[in-house]
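Here are some exercises to work through with the model open beside you. Try each task before reading its solution.

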Amino acid sequence: MDTPLRLEVIIASVRPERFAPVVGGWFLRTLRAHPEFDTGVVDLAHTSLPVELTETEQVVSYRTRLRAADAFVVVTSEYNHGYPASLKTAFDTAKYEWRAKPIAFVSYGGLSGGLRAVEQLRQIVAEIHMVSVRETVSFHQAKKGFDEAGDPHDRAAVDAADRMLRQLAWWARTLRVARAVDPYPG
Ligand SMILES: Cc1cc2nc3c(=O)[nH]c(=O)nc-3n(C[C@H](O)[C@H](O)[C@H](O)COP(=O)(O)O)c2cc1C
């Protein structure tokens, strides 16, 4: 129980010209200040998950990876007031692997900073028995929001990331113990 919490960061955008590596890169650097997490990255651009939801070798290894995780963060953009289709497939591809685990969101986009996508995602994750963390990090007009080094201009986002990660760690620790002592009834 003293081992670091296994965190998987899911990068949602799969567009070839995507901005996701800038936001995701900054967030992964931020995580270095949080040794309570042992972090992996599931980049959906490099994780082939069939929209038909058929089982492939990569699907099996994806599920195995999710099963070992104690917590998740989704880094997501917003398209037409929703989240990317790749992310829906990623959620639908697994089932028990998500249950009784916490998830937090880092979003970016145009005017809304991806917040509409995040509010929709809260409905999805509730259905698959996850707990969504209250605090979020969001970047509106994201492409103007980062400097040459890939760091955000908005210090509030940096503070929000710290609060979000502390809340995520609390849920991850609490639910890891709870799952071990009393298996989740679902
Ligand atoms: C098809 C499409 C729809 C978009 N719709 C929205 C939107 O509804 N709200 C918003 O804030 N930004 C919207 N945007 C802007 C994206 O959020 C922005 O381009 C972001 O960088 C996309 O992430 P990505 O480059 O990592 O794929 C849209 C972009 C695309 C390509």
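The exercises below start with the whole fold and then turn to single residues and the ligand; keep in mind that this is a predicted model.

**Exercise 1. The fold in outline**

Task: Work out how many helices and strands the protein has, and in which pattern they follow along the sequence.

Solution:
- Begin with the count: the protein contains five helices and six strands.
- Then walk along the sequence, where the elements come in the pattern β-α-β-α-β-α-β-α-β-β-α.
- Finish with the contacts: among those with a separation of 6 or more, 81% join residues 24 or more positions apart.

**Exercise 2. Overall dimensions**

Task: Decide whether the radius of gyration agrees or disagrees with that of a compact globule of 186 residues.

Solution:
- A compact globule with 186 residues would have a radius of gyration near 16 Å.
- The protein has 16 Å, so the two agree.
- For the extent along the principal axes, the C-alpha atoms fill a box of roughly 45 × 40 × 25 Å.
- Of the 186 residues, 51% are buried.
- As for the surface, about 9500 Å² is exposed, and carbon and sulfur atoms supply 54% of that area.

**Exercise 3. Thr89 and Val60**

Task: Classify Thr89 and Val60 as buried, partly exposed or exposed.

Solution:
- Thr89 sits in helix α3, which covers residues 85-92.
- The relative accessible area of Thr89 is 10%, and because the limit for buried is under 20%, Thr89 counts as buried.
- Leaving aside residues up to four places away in sequence, Thr89 touches Leu49, Pro50, Val51 and Leu53.
- Val60 belongs to helix α2, residues 57-67.
- With a relative accessible area of 39%, Val60 is partly exposed.
- Val60 and Thr93 are 33 residues apart along the chain, and their C-alpha atoms are separated by 9.5 Å.

**Exercise 4. The loop between α3 and β4**

Task: Place Lys95 and Ala100, then say which accessibility class fits Lys95 and which fits Ala100.

Solution:
- Lys95 is in the loop between α3 and β4, the latter spanning 102-108.
- Lys95 is partly exposed, at 46% relative accessibility.
- The C-alpha atom of Lys95 is 9.7 Å from that of Arg67, 28 residues apart along the chain.
- Ala100 also lies in the loop between α3 and β4.
- A relative accessible area of 8% makes Ala100 buried.
- Check the backbone too: Ala100 has a positive phi of about 55° although it is not a glycine.

**Exercise 5. Around the ligand**

Task: Find which residues come nearest to the ligand, and where its oxygen atoms meet polar atoms of Glu78, Tyr79 and His81.

Solution:
- Of the 17 residues around the ligand, those that come nearest are Ser13, Arg15, Tyr79, Tyr108 and Gly110.
- Sorted by class, this shell holds five nonpolar, seven polar and five charged residues.
- The side chain of Tyr79 places an N or O atom 2.5 Å from a ligand oxygen atom.
- For Glu78, a backbone N or O atom lies 2.9 Å from an oxygen atom of the ligand.
- A polar backbone atom of His81 is 2.9 Å from a ligand oxygen atom.
- Taken alone, the ligand exposes 610 Å², of which the protein buries 76%.
- Now look again at His81, which lies in the loop between β3 (71-76) and α3.
- His81 has a positive phi of about 65° although it is not a glycine, and at 46% relative accessibility His81 is partly exposed.

Terms used:
Residues are numbered from 1 along each chain as its sequence is written. This is a predicted model: local features need pLDDT of at least 70, side-chain atom pairs count only at pLDDT 80 or more; totals for chains, interfaces and linings use all residues. Side-chain values use heavy atoms; hydrogens and water are left out. A residue is near a molecule or strand if one of its heavy atoms lies within 4 Å of it. A polar contact is a pair of N or O atoms within 3.5 Å; within protein, one must be able to donate a hydrogen and the other to accept it, and residues adjacent in sequence count only if both atoms are side-chain atoms. Accessible areas come from the Shrake-Rupley method with a 1.4 Å probe; for residues, only the protein chains shown count as cover. Ala, Val, Leu, Ile, Met, Phe, Trp, Tyr, Cys and Pro count as nonpolar, Asp, Glu, Lys and Arg as charged, and the others, Gly among them, as polar. Helices (H or I, at least four residues) and strands (E, at least two) are DSSP runs, numbered from the N terminus. The radius of gyration is taken over C-alpha atoms; the globule rule is 2.2 Å times the number of residues to the power 0.38. Buried means under 20% relative accessible area, exposed over 50%, partly exposed in between (1.4 Å probe, protein chains only). Contact means heavy atoms within 4.5 Å.
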